[in-house]
Amino acid sequence: MRVVHVAAEVFPFSRSGGLGDVLGVLPEVLAAQGAQTTVVSPWYGSLAGQPTEVWRSVVPELRAGPAPIFEVRVGEIVQNGVQYLFIGLPEFDRPGLYFDDDVHRFCLFGRTVLPMLRQLGVAADVVHGHDWQAGLVVAYAHLAGLKTVFSVHNLQYQGRWNLEEAARWTGLPQWTLGPDALEFHGDLNLMKAGLTFADAVTTVSPTYAQEITTPEYGEGLQGLLVRLTIEGRLSGILNGLDQERWDPRTDPDVPQFGDPAGKAAATALLRGEFGLDDAPILGVVSRLADQKGIDLLIEALPELILHWNVVVLGGGDPLLSAALSGWAQHPRVAYVGGLNEPLAHRIYAGADIFAMPSRFEPCGLSQMISMRYGTLPVVRLTGGLVDTVPADIGFRFTDATPQALSAACAEAQAEYDRPEAWQARMERGMALDFGWQGPAAQYLALYGRLGR
Ligand code: GLC
C-alpha cells in the first residue's frame, strides 16, 4: 500500500495546532504497519528542518495573470520510515504559516503536487488530503483516476474565495465549478472540493462525523454531508495521541512522575512559576478562537477564581488575548500568549483540572494529554470530547454558557475535596490508552476497501 498524505502542517517541521500533531505521528505509524508513506507539505520560510533539494523546475503556467516565470523547489527529508516532501514556492517563503492570500497560495501548491510526484517517480495507491488546503489536490487526484481520502479536522475553515477570480487559480475544467462541486454561495470552496471528489471522507471523531450533518455544526455544508453519510462515504476515525511525546514518566520538561502521588512536584513547579496560592489549578492550553469557548471561560472567571488559580497559554484572537492580559493582573490568574511547547507540558503536568469549553471540537488532543498527566478534564460534551472523556474521569457539561462551565468546575471542586475519589479518577485517566495503533489500522482498512 502506497499512501501520499497532503497537509498544510506537519510536526515537528511546521505546526499551528492539532492538524500538525496528527501529521506528526499518523504517517510514522502507517509506515510501521507496512504502508509506504509520503507526506507532502509546503516548504515554509519558517520550516523547522533542512530538506535536501531533490527537484527544481520552472512552471510558468501556474500563475494567475501575467506573472514572471518562477521556480518550484522540492526538498526531501526521510525520517522514521516516512518520506517528507516540501514544496517551495515563492508565496510560501515568508515567516509564519497562514496569511490572507491562502486560497491563492494553496491553489498553486495544490496544482504542483501531482506533477511533482510524477516527476520524482512517487506512486500512490491512495492520496489522503487533510483539511481545505489539500482539497484541490484531492480533486486533481480523483480526476487522474487515483483513489482518494479526505479528512476533515475542522469544518469551519473552508478556503473560500470569489469564484470568478479563484477559478483561474485552480486550473480545473469549467464543469467542476458548479454548485455540484466547487461552488458555494457564489464562492469557490476548497473544503467542498475535497468533500465532493474524495472516495471516502473521514472526520477525526465518530461524534463529530454525526454532528456535521446537522445545521448546528455543518457550517452550511450539512446537506452534502448528509448525502455522503447516506452513500456510506463519511465516517469518523478517532485521533490517537503521540504517547512518546506526551509521557509524564519520561517528559524532559517536567518533574517526571508515573502515578498520582508523583504529580505533586509538577504542581509545585507551576505554582512557583506563576506565584500562585494554595488553591487548586485550572489549566488551559488553546488557540484563542471562538471554537474553543475561551470567551465562556473569561465570563466565568469572576466565579472561578473564588476557588481556582487559572493558568492560560495560547494566542489567537486579539480581543480574547487582551481580556486575558487584563485578568492576569489578578494574583490567581496567569496568562501567556502564543505557542510555548515546554510551558504547555508544565501546564498539562502541573494543573489539577484542564478546561475545554469548546463550542465544537472535531477531536481535541488536550483532553487526552491531560488525562495522561493526571489532570482531570472539564469539557463541554461535543465532538471528540464525547468520545474520549469518560464520566468517571472528567467533568462534563452540555450548554455553551459560562454558568454550565462554572457548574462543572464546582462539581470538580466538590470531588477535589474527597482525595480518595479524586485519586481514583486520576488513576483511571493515567491508565487510558490513546495510542495511534488502532486508528492507523482503521485508516489502512479504509484504504484497502477503496481498491474494491
Ligand atoms: C483541529 C480540531 C481539533 C482536532 C485537530 C486534529 O485542530 O480543531 O479538534 O483535534 O484538528 O485533528
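The shell around the ligand divides into five nonpolar, six polar and two charged residues. The model is predicted, and every distance and area given below was computed from its atoms. Of the 13 residues around the ligand, those that come nearest are His153, Asn239, Glu361, Cys363 and Gly364.

Three of these residues place a polar atom beside an oxygen atom of the ligand. For His153, a polar side-chain atom lies 2.7 Å from such an oxygen. In Glu361, an N or O atom of the side chain is 2.6 Å from a ligand oxygen atom. Gly364 contributes through its backbone, where an N or O atom lies 2.7 Å from an oxygen atom of the ligand. The ligand taken alone exposes 310 Å², and 94% of that area is buried by the protein.

The position of the ligand can be understood from the domains of the chain. The domain assignment gives domain 1, residues 2-240 + 437-450, and domain 2, residues 255-431. Domain 1 is thus written as two segments of the sequence, 2-240 and 437-450. Why does the ligand lie between domain 1 and domain 2? The ligand lies between them because both domains give residues to the shell around it.

The two domains also meet each other directly. Their centres, taken over C-alpha atoms, are separated by 32 Å. The contact takes 20 residues from domain 1 and 17 residues from domain 2. Between them the domains bury about 1400 Å², and 56% of this area is on carbon and sulfur atoms. On the side of domain 1, the residues that lose the most area to domain 2 are Thr207, Tyr217 and Leu238, which together account for 26% of what that side buries.

What polar contacts and salt bridges are found across this interface? Eight residue pairs are in polar contact across the interface of domain 1 and domain 2, with both residues of a pair at pLDDT 80 or more. The rule for salt bridges, by contrast, finds zero across the interface.

To return to the ligand, the protein buries 94% of the area that the ligand exposes when taken alone, and the shell that surrounds the ligand draws residues from both domain 1 and domain 2.

Definitions and conventions
Residues are numbered from 1 along each chain as its sequence is written. This is a predicted model: local features need pLDDT of at least 70, side-chain atom pairs count only at pLDDT 80 or more; totals for chains, interfaces and linings use all residues. Side-chain values use heavy atoms; hydrogens and water are left out. A residue is near a molecule or strand if one of its heavy atoms lies within 4 Å of it. A polar contact is a pair of N or O atoms within 3.5 Å; within protein, one must be able to donate a hydrogen and the other to accept it, and residues adjacent in sequence count only if both atoms are side-chain atoms. Accessible areas come from the Shrake-Rupley method with a 1.4 Å probe; for residues, only the protein chains shown count as cover. Ala, Val, Leu, Ile, Met, Phe, Trp, Tyr, Cys and Pro count as nonpolar, Asp, Glu, Lys and Arg as charged, and the others, Gly among them, as polar. Domain bounds come from an automatic or database domain assignment. Contact means heavy atoms within 4.5 Å. Buried area is the accessible area (1.4 Å probe) that two parts lose on being put together, summed over both. A salt bridge is a side-chain nitrogen of Lys or Arg within 4 Å of a carboxyl oxygen of Asp or Glu.
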